[in-house]
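Please walk me through this structure, taking the contacts with DNA, the contacts between the chains and the nonpolar core in turn.

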2 protein chains.
Amino acid sequence: MIKKISIGDIAAALNISKSTISFIINGKAKEKRISLALTEKVLQYIDENGYKPSRLAQSLSTGKTMIIGLMVEKISDYFFAQMAYHIEEIAYQNGYKIFYCSTDNDPDKTRELIQLFRDRNVDGYIITPPAGMEKEIQSLIDEGSPVVLFDRYYPDIESSYVILDNFKASYNASKYLAEHAYVHIAFITLDSNQSQMEDRKQGYAKAMIEHGLEVIVEKVPYGNDPDQTVKQLVRFLRQNKRVDAVYFATNYLAFSGVKAINQLGYKIPDGMGIIAFDDHQVFDFYEPTITAVAQPISELAGQSIRVLLSLLNKPLEERAVQKVIVPAHFIIRDSTTRLL
Amino acid sequence: MIKKISIGDIAAALNISKSTISFIINGKAKEKRISLALTEKVLQYIDENGYKPSRLAQSLSTGKTMIIGLMVEKISDYFFAQMAYHIEEIAYQNGYKIFYCSTDNDPDKTRELIQLFRDRNVDGYIITPPAGMEKEIQSLIDEGSPVVLFDRYYPDIESSYVILDNFKASYNASKYLAEHAYVHIAFITLDSNQSQMEDRKQGYAKAMIEHGLEVIVEKVPYGNDPDQTVKQLVRFLRQNKRVDAVYFATNYLAFSGVKAINQLGYKIPDGMGIIAFDDHQVFDFYEPTITAVAQPISELAGQSIRVLLSLLNKPLEERAVQKVIVPAHFIIRDSTTRLL
DNA sequence: CTGAAAGCGCTTACAG
DNA sequence: CTGAAAGCGCTTACAG
């Protein structure tokens, strides 16, 4: 067990004060007009003895931890994992470390996690909030913590956020189906009133109405077992035989949906057109490949962390709310080309 | 900005000493023989004023952060994400918080991350180490930090670890192919000498030799672009037309492999048998479903954190190295039933 | 140019 | 039964 060396040890060894060392470590040697000779000497000592200042003590003293709390819905989702990856990279470049966790869209768990981050004194938050966390988010903001909402937001709260243009992306995807010979287009979504899901539905509905097509929406319970979802969708498609295209609001709904379609023996894309929201590597792997709405992850991530950093760098009174809406990419593959 | 209340504020308000409050908070009221009346009064005050002790100050004082550093290869992989989930749960129950990060199997990144965790004073480590990190792991152990290696280990280091019985699992899977009418069985693996990959190869080789079959191994560079992998495997299968079954050492190799097989027009399972190591939801989604070796994630996770907790709870001199080897599950699906 | 001292918010051995 | 005091390892206003 190697005893870690502290600033006091250096002070004793070099026979100078802790203040001087602290200034040198923090690059304030010039500002404090410390002689070059002393500066060099201290730096060399530090280097030779492998001194690392204690973060803990620094944080206690400065009130800053240089830690950002990142709360996503599910860190194992490709989308969120990539987000975390990109956010982390930029955070590091700015001297911040990221702590991440998954809310699983569970309000209780989220509350606990927020408390946990608070306890750990994170300097700022990037959060994909479950529905109904308005109060907690508001109180975070009220405490003076910089907060950036991500992927979804609360219309009733004045907070910064970075989201995808879900409405437009969804509208475009739905329109594409309508313009490619599909005439009974169903929208399969989650039973959730989160903003991003609502926007996707509205986009779909608008496209249907514009093309004089029927609006057919089927809702699957959130957190459903995939097998249950397959069953529900088989039932749905059996009861709605006229449906000739299905647009899924999430990628995992599409997984279950494709299974259901296969069970019923419909052929993609001819018997049934398919689009999924939120691209996934498997869509390119499956046969036929599946058309999808892709989220520009690195841009979403970059915007989120940059907004947070700008809040972090400003005193409370200068912080302005920033709202960023990023457009999606539409990737056309084989699941939407109907042979006429 | 709400000013947080400190133990000193309570002491002043209640006109008692900080020590007394500290003892009460830490459940040592009885032990320190503090009157029930005072205890109640303090607890009530804390409750009413929402006091939370500063973790930072506690850590600085005790030298413990109650944080476990979890370093996995890639947190977005289903396997590692699930691991993290289970580990976190048990850690929480024991008062520990988890910080996780991904090594991406990159030695330089791993070195940085270890340094980061050290800087943040984590109390213990669970690590899936990239190849060649022996020195860093050893120095962690030498410093007196509890360390549990996971998923793979270093034969030359005396450290605790929890791993899958890769050899046996791989042997069984290979044997299954050999016993189900496949006669030219190729093993597709990564160009990596990590222990788990090595064990999988040895298990395969043993089964082949026992059945008098040819050992055919193809290595794909680690971190290869999937499209590149597909090309390599198409080339490999073209040059090895006799191959009638392929056993993939990881699930993502199987993704590329199936694409290659499809491109060549072979039919699974009749023209080509398939097994993948490390189960994936997609294997059950694909048609035909794909036989796989599944890792019992919750058991692996449970063992890892339990071993770490037992180290954490013991003084340095009482810590014994613990080595745990967990058996795999073999899931037979449709990709391995050859019609004769 | 450099240092002594107070303070961040806890814990804990010691004293009574 | 309870408190005064030192200490964890830093930072920073103040003094000279």
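The paragraphs below go through these topics one after another.

The model is a predicted one, and a convenient place to begin is DNA strand C, which is surrounded by 27 residues. The closest of these are S17(A) and S19(A) from chain A, together with I7(B), S22(B) and A57(B) from chain B. In chain A, α2 (18-25) and α4 (55-62) each supply at least two residues of the surface near this strand, and so do α2 (18-25) and α4 (55-62) of chain B. By class, that surface divides into 10 nonpolar, 13 polar and four charged residues.

Turning to DNA strand D, there are 27 residues around it, and those that come nearest are I7(A), S22(A), A57(A), S17(B) and S19(B). Here α2 and α4 of chain A, along with α2 and α4 of chain B, each supply at least two residues of the surface, which is made up of 10 nonpolar, 13 polar and four charged residues.

The two protein chains also touch each other, with 27 residues of chain B in contact with 27 residues of chain A. On the side of chain B that touches chain A, two or more residues come from each of α4, α5 (78-93), β2 (97-102), α6 (107-119), α11 (251-264) and α12 (281-285) of chain B, and the largest share, five residues, belongs to α4(B). This side holds 14 nonpolar, five polar and eight charged residues.

In soluble globular proteins, nonpolar side chains tend to be buried together. The largest nonpolar core in this model has 174 residues, and those with the most contacts inside it are L70(A), I126(A), Y247(A), L70(B), I126(B) and Y247(B). Leaving aside neighbours within four places in sequence, L70(B) is in contact with A84(B), I87(B), I98(B), F99(B), Y100(B) and I126(B).

Methods:
Residues are numbered from 1 along each chain as its sequence is written. Chains are lettered from A and ligands numbered from 1 in the order in which they are written. This is a predicted model: local features need pLDDT of at least 70, side-chain atom pairs count only at pLDDT 80 or more; totals for chains, interfaces and linings use all residues. A residue is near a molecule or strand if its C-beta atom, placed from the backbone, lies within 6 Å of it. Helices (H or I, at least four residues) and strands (E, at least two) are DSSP runs, numbered from the N terminus. Ala, Val, Leu, Ile, Met, Phe, Trp, Tyr, Cys and Pro count as nonpolar, Asp, Glu, Lys and Arg as charged, and the others, Gly among them, as polar. A nonpolar core is a set of buried Ala, Val, Leu, Ile, Met, Phe, Trp, Tyr and Cys residues joined through C-beta atoms within 7 Å. A residue is buried if 20 or more other C-beta atoms lie within 10 Å of its own, exposed if 12 or fewer, and partly exposed in between; C-beta atoms are placed from the backbone. Two residues are in contact if their C-beta atoms, placed from the backbone, lie within 7 Å.
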